[in-house]
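Q: Could you show me how to read the features of a protein model, taking the general idea and then the case at hand?

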Amino acid sequence: MLMRIGLVLNILDEEYQISLYRGIRQRAEELGVQIVCFQEGNKTFVPDSFIGCFPRQDYFNLDGIILLTSVVFDNCMLTTKEDITRIWGNLPVVSVGQKIEGVPSLLIHTDDSIKEIMEHLVKKHQYKKFIYIGGTQTHHDSINREKLFIKHLKQAQTLDPKINYTIMHGNFTEQSAVRAMEEYFSKNIKSGDYPDVVVCANDNMALGVYKYLNLSKRNAQLQRLAVTGFDDIPQGQFTIPPLTTVHQPLDKLGEEAVNMIFALAKGEKVPLEQSVESHVIYRESCGCKKTVSDFETLRHSYEKMQSSYVISEQMLNITSHVGRDLNNDNSEEEFVSIIDYNISMLGVENFFILKFPEKIKSDEPVSNKHLFVKPVYVKSKGKRIRKLPVNKEGLMSLADFYNWLPEPHTLVLKYLNVGNDYIGCIMYDAPVESLPYIILISVDIALSLNRIEANEERRRYADYLENEVETRTRQLIEANDKRMKVEAEVLKISEIERQRFSNDLHDDICQRLAGISMLCRSYSKMDSPVEKAQMEELAGLVSDTLQRTRQYAHHSYPVDLENIGLEASISNLCASFEQQSGIKCKYEWDIPESLAFTKIQKLNIFRIIQEALHNVMKHSKAKNVKVSCLLKENVIIVKISDDGIGISEEQKYNSGIGLNSMQYRANQIGAEFICKAEHGTTIEIKMRIE
């Protein structure tokens, strides 16, 4: 069974990590071990996060971990075996570049090299004034190199008290060294306190010192300043003058790391600490003169640099081309086409782009949804693969995807992020010279995928809005048609009510008044006095007419609603209905007194009951009717049910004025109106209260 080892580092875009990776890859191929390289960059330490520096063993089925502790975030956070165990449990781990107590650690022994270079500067060149520019003050290697620098200069001071030094700090970058030099000379230049030599904790900061000196070419004293570095990066060979530095055999360190983890994974014991020796490379920057061998070395280095330069120019052109093409608003199909063409140009045969179903925040803990990915682009052994074993959503678990892959001996993983949002990852097996350029391309890939997703989201939202507008427009048209129909019905009802009121006044009240008038005239023409019985008859007619006038006025607007309330008004209405129609009417009220109705609610509920009873009297041929007003679970239910002949579906569909009037009034108070025929007719309204 193939052994699979996880390699955890920062990011493969600079020489130190690439050199280590080169040695690890070469030795792993010799042993038949598969390497999965996890890189993340400036990621915060979230031990339970799916996205982060630390790969989960269960996602990738790893047999061991090589941890480049010297470059992973702030490496002082990992100092004990317990720190490692809480991340990977009992999985074998080898720490490279920094010692972790209780964990097999592989180090580069630099103490003798630092001692040698300091003695060289003091004894051979007899420098007196030193500047030391250290790296990050929490970085293990930086702390150790600064301690050794101070230790050896203090020993030299015992023999020569004129020796002195100043400690400055940067962060291992060229820019930080330029700032350190500016800070030093802003304080000391007026006193003419020029140093003899600047000792830097790495080569990048030494190159930063060169940049500062190039900006100060008019100052002859500064041009004589000696500079040394540490790491022996390729650029240091071609500076003017070439940089004196300490060479760390990184390729060999990587090979030994694979040997250690290979033994651990097989259950063998290894020493808790092993080291590889470094050595000093003397060039002209410290004040030494060139030798014949230096010229020969420089010639070979220059030829190598020319070859690297040509390759670098090609890679940069491809990277620039990819960036320009992906900067457009491409569809996913166009995006895949651009990637497919340019990845081939980079000499990459295995390249995979995977999207997460949802964006993940940088500090978001893992959940099951994050285990799945959508394969956007899959190229294996130089061939595009379009069909994968995905589910109906087009997703597959990350573990299943990795187990599905053909087995390249090395696979690099880089997460894709836009700001604090992680949207997916890329996996690739690429030539070493392509590694920094894929890092650059990954930024364009992330931005392009994010842009495509945003465009898709906007399109989906636009479609949603369009559908919503169509639905709402249709609803408004229907509502408007219904409103116009209701308004027409209301006008018709109002006209009929006025006509009925007019007819009632004409046929009843006016006739009665006319009869009273005629009777009064006949009495006035009598020669004899009006008898008591005749006056009583006249008074009865007047009283009856007055009663009927009051009844018509009450039906026009029930004044009692305000005086005696809704419950009593409905009770009177039911009693009057029973008296006029001869139909037995049962009335039930079960609504708490604390519940207050608005004036509009009272009027419309009363009118609905009134209209329903009118319909019962006119159409139902019922013998009994029941009116109930109840409160159930914050819903007022008003029900009028009779035992008459009922109402047909056709009659409900072709609603008459009465039903439309009740429906309209129910709408006015936000109530649901129901009309059904079950053993008679039932009219029901339901009004929810807050």
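**Helices, sheets and surface**

A: Let us begin with a helix packed on a sheet: helix α6 (residues 174-188) lies across β6, β7 and β8, and its direction runs at about 130° to β7. Please keep in mind throughout that this is a predicted model.

Q: In what order do the strands of the sheet with β7 and β6 stand, and what is the pairing?

A: In general, the strands of a sheet pair through backbone hydrogen bonds, either parallel or antiparallel. Here four strands form an open sheet in the order β7-β6-β8-β9, and the pairing is parallel. The edges are taken by β7 (164-169) and β9 (226-228), each of which has a single partner strand, so one side of each is left without a neighbour in the sheet. On average, and with direction ignored, neighbouring strands of this sheet are turned by 20° against each other.

Q: How many bridges pair strand β6 with strand β8?

A: Strand β6 (residues 129-134) and strand β8 (residues 197-200) pair over four bridges in the parallel sense. For a single pairing to find in the structure, take Ile 133, whose bridge partner in β8 is Cys 200.

Q: Which strands form the open sheet whose pairing is mixed, and which of them stand at its edges?

A: Five strands form this open sheet, in the order β19-β20-β21-β23-β22, with mixed pairing. Since β19 (584-590) and β22 (672-677) stand at the edges with a single partner strand each, one side of each is left without a neighbour in the sheet. Its neighbouring strands are turned by 10° against each other on average, direction ignored. Strand β21 (residues 635-642) and strand β23 (residues 681-688) run antiparallel and are joined by seven bridges, with Ile 683 in β23 as the bridge partner of Ile 640.

Q: Which strands does helix α17 touch, and what lies across β19 and β20?

A: Helix α16 (residues 566-581) lies across β19 and β20 (624-632), and runs at about 170° to β19. Helix α17 (residues 599-620) also packs on the sheet, where it touches β20, β21 and β23, and its direction makes about 15° with that of β21.

Q: How should I read a salt bridge, and where do Lys 128 and Asp 160 lie in the chain?

A: It helps to look at the distance, then at the positions in the chain, and then at the accessibility of each partner. The side chains of Lys 128 and Asp 160 meet in a salt bridge at 2.2 Å, N to O. This pair links distant parts of the chain, 32 residues apart, with Lys 128 in the loop between α4 (111-124) and β6, and Asp 160 in the loop between α5 (140-157) and β7. Lys 128 is partly exposed, at a relative accessible area of 31%, whereas Asp 160 has 18% relative accessibility and therefore counts as buried, the limit for that being under 20%.

Q: What do salt bridges within a helix look like, and how many does the whole structure hold?

A: A search of the whole structure finds 23 salt bridges. In one of them, the side chains of Arg 86 and Asp 83 meet at 3.9 Å, N to O, and both residues lie in helix α3 (residues 81-88), three residues apart, about one turn of the helix. Arg 86 is partly exposed at 47% relative accessibility, while Asp 83 is buried at 13%.

A salt bridge also joins the side chains of Arg 460 and Glu 457, at 2.7 Å, N to O. Because Arg 460 and Glu 457 are three residues apart in helix α13, about one helical turn separates them. Both are partly exposed, Arg 460 at 36% and Glu 457 at 43%. Salt bridges that share partners join Lys 355, Glu 453, Glu 456, Glu 457, Arg 459, Arg 460 and Asp 463 into one network.

Q: Which residues make the nonpolar surface patch?

A: Tyr 461, Tyr 464 and Leu 465 make a nonpolar surface patch of about 320 Å². Of these, Tyr 464 is found in helix α13 (residues 435-524) and is partly exposed, with a relative accessible area of 44%.

Q: How many helices and strands does the protein chain have, and how much of the chain counts as buried?

A: The protein chain has 19 helices and 23 strands, and 45% of its 690 residues count as buried. Its accessible surface comes to about 36,500 Å², of which 51% belongs to carbon and sulfur atoms.

Note on methods:
Residues numbered from 1 in each chain as written. Predicted model: local features only at pLDDT ≥ 70, side-chain atom pairs only at ≥ 80, totals over all residues. Heavy atoms only, no water. Patch = residues over 30% accessible without salt bridge, like charges linked within 9 Å, V, L, I, M, F, W, Y side chains within 5 Å. Areas by Shrake-Rupley, 256 points an atom, 1.4 Å probe, with all protein chains shown as cover. Salt bridge = Lys/Arg side-chain N within 4 Å of Asp/Glu carboxyl O. Helix = DSSP H or I, 4+ residues; strand = E, 2+ residues; numbered from the N terminus. Buried < 20%, exposed > 50% of the residue type's maximum accessible area, 1.4 Å probe, protein only. Pairing = 2+ DSSP bridges. Axes fitted to C-alpha atoms, helices over the stretch in contact; angles between N-to-C directions. Contact = heavy atoms within 4.5 Å.
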